[in-house]
Amino acid sequence: MAASVACSFFFDAELLGEPGMPALDACALCAKPLARDSDIYMYKGDTPFCSEECRDEQMQLDAISARQAARRKQRFSSGTEARRGHQESRKVSVAS
């Protein structure tokens, strides 16, 4: 009885849920409907998944995105430094 009350609490709370929070009615990756009596696998605190496989796939996608963002940041940072160094080397002091 306690488990069904706890499960009911989560699903009933969706109606009043905070804006921007994922609802617990479908898997965030494959959009498979989540049944009240099935396990829900959570990731990052509030994102529901229907299975460990869907959750693991999302974790891998997030890891790839994070690596790509780090590379872009590194390229931007090193490109900015190179341009800054190039500009400084072009400065010519004029003797009076």
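The following exercises, each with a worked solution, introduce the features of this structure.

The model is predicted, so local features need pLDDT of at least 70 and side-chain atom pairs count only at pLDDT 80 or more, while totals for chains, interfaces and linings use all residues. Residues are numbered from 1 along each chain as its sequence is written, and side-chain values use heavy atoms, with hydrogens and water left out.

**Exercise 1. Overall layout**

Determine how many helices and strands the protein has, and in what pattern they follow each other along the sequence.

Solution. Helices (H or I, at least four residues) and strands (E, at least two) are taken as DSSP runs and numbered from the N terminus. Under this rule the protein has two helices and two strands. Along the sequence, the pattern reads α-β-β-α. Helix α1 covers 2-13 and strand β1 covers 41-43; strand β2 covers 47-49, and helix α2 covers residues 52-90.

Next, consider burial. A residue is buried under 20% relative accessible area, exposed over 50%, and partly exposed in between (1.4 Å probe, protein chains only). Of the 96 residues of the protein, 14% are buried.

**Exercise 2. The cysteines**

State how many disulfides the structure holds, and explain why C27 and C30 do not form a bond.

Solution. A disulfide is a pair of cysteine sulfur atoms within 2.5 Å. The structure holds zero disulfides. For C27, the closest cysteine sulfur belongs to C30 and lies 3.6 Å away, which is too far for a bond. C50 is likewise in no disulfide, the nearest cysteine sulfur being that of C30, 3.7 Å away. As for accessibility, C27 is buried at 4%, and C50 is buried at 18%.

**Exercise 3. The salt bridge**

Identify which residue forms a salt bridge with K44, and state which parts of the chain the pair ties together.

Solution. A salt bridge is a side-chain nitrogen of Lys or Arg within 4 Å of a carboxyl oxygen of Asp or Glu. The structure holds one salt bridge. The partner of K44 is D62, and their closest N and O atoms are 3.6 Å apart. Because K44 lies in the loop between β1 and β2 and D62 in helix α2, the pair ties together parts that are 18 residues apart in sequence. K44 is exposed, with a relative accessibility of 61%, whereas D62 is partly exposed at 21%.

**Exercise 4. Positive phi values**

Find the phi values of A31 and K44, and say where each residue lies.

Solution. Most residues other than glycine have a negative phi. A31, which is not a glycine, has a positive phi near 65°. A31 is found in the loop between α1 and β1 and is exposed, with a relative accessible area of 52%. K44 is not a glycine either, yet its phi is positive, at about 55°. K44 belongs to the loop between β1 and β2.

**Exercise 5. A surface patch and a spacing**

Name the residues that form the positive surface patch, and give the C-alpha separation of I40 and E52.

Solution. Patches are made of residues with over 30% relative accessible area and no salt bridge, with like charges joined within 9 Å and nonpolar side chains (Val, Leu, Ile, Met, Phe, Trp, Tyr) within 5 Å. The positive patch consists of R67, R71, R72 and R75. Of these, R67 is placed in helix α2 and is partly exposed at 46%.

Turning to the spacing, I40 and E52 are 12 residues apart along the chain, and their C-alpha atoms are separated by 9.0 Å. I40 lies in the loop between α1 and β1 and is partly exposed, at 27% relative accessibility.

Technical notes
Accessible areas come from the Shrake-Rupley method with a 1.4 Å probe; for residues, only the protein chains shown count as cover. Lys and Arg count as positive and Asp and Glu as negative; His and the chain ends are not counted. The place of a charge is taken as NZ of Lys, CZ of Arg, CG of Asp or CD of Glu.
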